[in-house]
Amino acid sequence: MTRREDAVYEAALMYYLQDETMEAIARRMAVSRSTVSRLLARARETGVVRISLQQPGESSRAVSRDFERHFRVHAHVVPVREGATDVQRLEQVAVVAGRLVSGWMHPGTVLGIAWGTTLSAVTAHLTPHPCPGSAVVQLNGAANPVTSGIPYAGSIISAAAEAFDSSVHHFP
């Protein structure tokens with residue numbers, strides 16, 4: 001590991017497992033509190049730290065169960081605050097989906113994805129980590145080589161493959 005990676009891990013260890021305050025970590029590491037904050041953010045971004053929440057209510061879990069019962073498809077319902085705009089909804093779903101997909105990727109995994117506005121947003125939130133022998137396969141062709149306001153289909157598929165050091169299989 002590099003010195004930066006060591007610092008990210010050390011700060012995360014002290015903060016999340018030893019319940020140290022950012023001030024205490026800053027003193028021990030001889031850095032500023034804002035540096036500790038950036039190290040902790042980097043730990044979350046790179047997957048050194050993975051945070052999961054268990055919702056106390058039943059709302060999204062109940063919707064997921066109903067969806068599974070009616071359509072026989074396992075769904076993950078992302079709760080979004082009341083009054084959120086379409087852009088805010090998309091971003092919230094993309095953050096959660098990016099983390100979920102990143103957690104599912106392991107060596108040898110084959111990830112099949114389509115393309116579009118949502119997947120463009122999701123690929124921006126993937127947590128990169130190498131998955132030797134994995135592949136990203138495009139599931140539907142691109143009808144138009146000209147952009148429609150989102151990145152080209154090929155760049156979305158390639159970005160997903162790059163996040164996991166996977167081979168990419170386009171479907172033109």
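1. A salt bridge here is a side-chain nitrogen of Lys or Arg within 4 Å of a carboxyl oxygen of Asp or Glu. The model is a predicted one. By this rule, four salt bridges are counted. Three of them are taken up below, followed by a surface patch and a loop residue.

2. Glu23 and Arg33 pair through their side chains, with an N to O distance of 2.8 Å. That lies within the 4 Å limit, so the pair qualifies. Glu23 belongs to helix α2 (residues 22–29) and Arg33 to helix α3 (residues 33–45), so this bridge ties together parts that are ten residues apart in sequence. How accessible are the two partners? Glu23 is partly exposed, at 39% relative accessible area. Arg33 is also partly exposed, at 44%.

3. Arg28 and Glu20 form another salt bridge, at 3.6 Å from N to O. Arg28 is exposed, with a relative accessible area of 54%. The cut-off for exposed is over 50%, so Arg28 passes it. Glu20 is partly exposed, with a relative accessible area of 25%. Buried would require under 20%, so Glu20 does not fall in that class.

4. Arg42 bridges to Glu45, and their closest N and O atoms are 3.9 Å apart. This value is still within 4 Å, so the contact counts as a salt bridge. Both residues sit in helix α3. They are three residues apart, about one turn of the helix. Arg42 is partly exposed, at 35% relative accessible area.

5. Which residues make the nonpolar surface patch? Met1, Tyr9 and Val48 make it, over about 350 Å². Met1 lies in the segment before α1 (3–17). Its relative accessibility is 72%, so Met1 counts as exposed. Patch members need over 30% relative accessible area, so Met1 meets that condition.

6. Thr127 is in the loop between α6 (117–123) and β2 (135–138). Is this loop residue buried or exposed? Thr127 is buried, with a relative accessible area of 13%. The limit for buried is under 20%, so the label follows.

7. What does Thr127 touch? Leaving out residues up to four places away in sequence, Thr127 touches Glu45, Thr46, Gly47, Gly98, Ser102 and Phe164. Glu45 appears in this list, and Glu45 is also the salt-bridge partner of Arg42. Glu45 lies in helix α3, so the loop residue Thr127 has a contact within 4.5 Å to that helix.

Methods
Residues numbered from 1 in each chain as written. Predicted model: local features only at pLDDT ≥ 70, side-chain atom pairs only at ≥ 80, totals over all residues. Heavy atoms only, no water. Helix = DSSP H or I, 4+ residues; strand = E, 2+ residues; numbered from the N terminus. Buried < 20%, exposed > 50% of the residue type's maximum accessible area, 1.4 Å probe, protein only. Patch = residues over 30% accessible without salt bridge, like charges linked within 9 Å, V, L, I, M, F, W, Y side chains within 5 Å. Areas by Shrake-Rupley, 256 points an atom, 1.4 Å probe, with all protein chains shown as cover.
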